Amino acid sequence: MRKIVTICLIFSFMLSGYIITPAYAASGIAGTAHDFTDEGWDPPTYGNQVLGLCEACHIPHNADTTTEAPLWNHEITVQNYQPYTSQSLKATPEQPGLYSLLCLSCHDGTVAVDSYGNMDGSVFISDYDGSYVFGNDLTGDHPVGIQWTHKEPANCANCHFAHSGRTQLPFYDGKVECATCHDPHNKGDIDFNFLRITDVDSEICLFCHDK
Ligand code: HEC
Ligand code: HEC
Ligand code: HEC
Ligand code: HEC
Ligand code: HEC
C-alpha cells in the first residue's frame with residue numbers, strides 16, 4: 001500500500017512538474033524584474049483589481065485614451081531630456097519617442113513605479129537594489145528617438161528579410177527607442193536585461209552596426 005502511495009506521489013509530482021514548468025517558462029514576465037505581483041502594493045480603488053502581472057503597465061478596460069501606447073495604465077513622465085549628441089552622429093538627436101517614454105516613466109526616477117491605475121505611487125526606481133536611474137540626462141546613453149538613416153554600414157538582410165532567421169528589432173516611426181533593444185516582457189529566452197537579441201559577442205550591436 002505504502003509503495004502504491006509513493007508511486008502515486010511520484011507520478012503526480014512528475015505530472016505537475018510536466019504541466020507547470022512549460023506554462024511558467026512560456027509566461028515570460030513572471031519572476032523577472034518587471035513582475036511586481038509580490039510588492040504588496042494596494043490595488044487601485046476601481047473595480048476588483050488585484051495586482052496581476054500586467055496591471056502596473058496595462059489594463060484591459062478604462063485604459064489611458066490620451067496615449068497610443070497599448071492599453072496603458074501607468075502615469076507617463078513629462079520630463080524634457082538632454083539627448084545623446086556627438087560630432088560623428090549622422091541623424092539629428094531628438095527627444096525620446098513614446099516607446100522610450102513608457103520606459104522612462106519608471107526609469108527616469110521622476111514617476112513612482114506604483115503610479116498606475118490613477119494612483120499616486122510612492123515607490124521609486126531608486127528604491128530598488130542595483131537599478132539604474134536614468135534621470136533626464138541621456139547624453140551618456142545609446143541614442144533613442146534617433147532615426148535609422150541607412151548611412152551606417154549594416155547588413156541589409158538583418159532588417160529587411162524575414163527569413164534571415166534572426167529576431168527582428170522593432171523600429172518606431174523608423175526610429176530606435178528603448179523598446180527597440182528591450183522587450184519589457186522578456187518574451188524570448190534571453191533572460192538578461194530584457195534584451196531582444198543577446199549582447200554576448202555584441203550580437204545586438206552588430207545587428208545594426210557593421211563594424
Ligand atoms: C513594466 C511594464 C509592463 C508590464 C508589467 C507589461 N507590459 Fe506589456 N508593454 C509594455 C510596454 C512598454 C509596451 C510597448 C513596447 C513593446 O511593444 O514591447 C508593451 C506592449 C505590450 C503589447 C503590444 C506589443 C506586443 O509586444 O505584443 C502587449 C500585447 C502587451 N504589452 C501585453 C502585456 C501583458 C499581457 C502583460 C502581463 C502578462 C504585460 N504586457 C505586462 C510594458 C509592460
Ligand atoms: C512600471 C514601471 C516600469 C516600467 C514602465 C518599465 N520598467 Fe524596467 N524596471 C522597473 C523596475 C522597478 C526595475 C528593477 C526591479 C528590481 O530591481 O527588482 C526594472 C528593471 C529593468 C531592467 C533590469 C532587468 C534586470 O534583469 O535586472 C531593464 C533592462 C529594464 N527595466 C528595462 C525597461 C525598459 C526598456 C522598459 C520599457 C520598454 C521598462 N523597463 C519599463 C520598472 C519599470
Ligand atoms: C538596422 C535596420 C536596417 C538595416 C540594417 C537596413 N535598413 Fe533599410 N529600413 C529600415 C527601416 C526601419 C526602414 C523604414 C524607414 C522609415 O520608416 O522611415 C527602412 C527602409 C528602407 C527602404 C525604403 C525606404 C523608404 O523611404 O521607403 C529601403 C529601400 C531600404 N530600407 C534599403 C536598405 C538597404 C539597401 C540596406 C542595406 C544597405 C538597408 N536598408 C539596411 C531599417 C534597416
Ligand atoms: C541600442 C540598444 C539599446 C537601447 C536603444 C537601449 N538599451 Fe538599455 N541596454 C542595452 C544593452 C545591450 C544592455 C546591457 C548592457 C549594459 O548593461 O550596458 C542594456 C541595459 C539596460 C539596463 C540595465 C542597466 C544596468 O546597469 O543594469 C536598463 C535599466 C536599460 N538598459 C534601460 C534602457 C532604457 C530605459 C532605454 C531607453 C532610454 C534603453 N535601455 C535603451 C541596449 C539598449
Ligand atoms: C536597432 C539598431 C541599433 C542597435 C541594435 C544598436 N545601435 Fe548604435 N546606433 C543606432 C543608430 C540609428 C545610431 C545613430 C547613428 C547616426 O545617426 O550616426 C546609433 C549610434 C551609435 C553610436 C554613436 C555614434 C556616433 O557617431 O556618435 C554608437 C557608439 C553606437 N550606436 C554603438 C552601439 C552599440 C555598442 C550597440 C550595442 C550595445 C548598438 N549601438 C546597438 C542603431 C543601433
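Colour the predicted model by pLDDT first. The protein chain averages a pLDDT of 83, and 77% of the residues score at least 70. Among its elements, helix H1 (residues 2-26) has the lowest mean pLDDT, 39, whereas H2 has the highest, 98. Now select residues 1-27: pLDDT stays under 50 over this segment, and the model gives it one contact beyond four places in sequence.

**The whole chain**

Switch to a cartoon of the protein chain, in which there are five helices and two strands. Followed along the sequence, these elements are arranged as α-α-β-α-β-α-α. Of the 211 residues, 21% count as buried. Among contacts with a separation of 6 or more, those between residues 24 or more positions apart account for 56%.

**Helix H2**

Select residues 98-107, the span of helix H2. Is this helix enclosed or open to its surroundings? Seven of the 10 residues of H2 are buried, so the helix is largely enclosed by the rest of the structure. The buried residues to display are Tyr99, Ser100, Leu101, Leu102, Leu104, Ser105 and Cys106. These buried residues pack against H4, the helix at residues 178-181. After H2 comes Gly109, which has a positive phi, near 85°.

**The nonpolar core**

Keep H2 on display and add the largest nonpolar core, a set of 15 residues. Within this core, Tyr99, Leu138, Val144 and Cys178 have the most contacts. The elements that give two or more residues to the core are H2, H4 and helix H5 (203-208). H2 gives the most, with four residues. In soluble globular proteins, nonpolar side chains tend to be buried together.

Centre the view on Tyr99. Apart from neighbours within four places in sequence, Tyr99 is in contact with Tyr172, Glu177, Cys178 and Ala179.

**Gly145**

Move next to Gly145, in the loop between H2 and strand S1 (146-147). Why does Gly145 count as buried? The assignment follows because 25 other C-beta atoms lie within 10 Å of Gly145, and 20 or more suffice for a residue to be buried.

Which residues does Gly145 contact, leaving aside its neighbours within four places in sequence? They are Pro83, Glu94, Gln95, Pro96, Gly97, Ser100, Lys175 and Glu177. Draw a distance between the C-alpha atoms of Gly145 and Glu94: the separation is 5.5 Å, although the two residues are 51 residues apart along the chain.

**The ligands**

Select ligand 1 and display its surroundings. The ligand is surrounded by 14 residues, of which Leu53, Cys54, Cys57, Leu102 and Ala179 are the closest. One of these, Leu102, is also among the buried residues of H2. By class, the shell around ligand 1 has 10 nonpolar, three polar and one charged residues.

Proceed to ligand 3. The residues around it are Trp148, His150, Ala154, Asn155, Cys156, Asn158, Cys159, His160, Phe171, Gly174 and Cys208. Helix H3 (residues 156-160) supplies the largest share of this shell, four residues. How many charged residues does the shell around ligand 3 have? There are no charged residues, with six nonpolar and five polar ones making up the shell.

Then select ligand 5, around which there are 22 residues. The closest are Ser86, Ser88, Ala91, Cys205 and Cys208. Cys208 was also listed in the surroundings of ligand 3. Both H4 and H5 contribute at least two residues to the shell around ligand 5, and the largest share, four residues, comes from H5. By class, this shell has 12 nonpolar, seven polar and three charged residues.

**The loop before H5**

Finish at the loop between H4 and H5, where Asp201 is found and where Ser202 also has its place. Most residues other than glycine have a negative phi. Which sign does phi have at Asp201? Phi of Asp201 is positive, near 55°. Ser202, likewise not a glycine, has a positive phi of about 55°.

Are Asp201 and Ser202 buried or exposed? Asp201 counts as exposed because it has 8 C-beta neighbours inside 10 Å. Ser202 is exposed as well, with 11 other C-beta atoms within 10 Å.

Key. Residues are numbered from 1 along each chain as its sequence is written. Chains are lettered from A and ligands numbered from 1 in the order in which they are written. This is a predicted model: local features need pLDDT of at least 70, side-chain atom pairs count only at pLDDT 80 or more; totals for chains, interfaces and linings use all residues. A residue is near a molecule or strand if its C-beta atom, placed from the backbone, lies within 6 Å of it. Ala, Val, Leu, Ile, Met, Phe, Trp, Tyr, Cys and Pro count as nonpolar, Asp, Glu, Lys and Arg as charged, and the others, Gly among them, as polar. A nonpolar core is a set of buried Ala, Val, Leu, Ile, Met, Phe, Trp, Tyr and Cys residues joined through C-beta atoms within 7 Å. A residue is buried if 20 or more other C-beta atoms lie within 10 Å of its own, exposed if 12 or fewer, and partly exposed in between; C-beta atoms are placed from the backbone. Two residues are in contact if their C-beta atoms, placed from the backbone, lie within 7 Å. pLDDT is the predictor's confidence in each residue, from 0 to 100.
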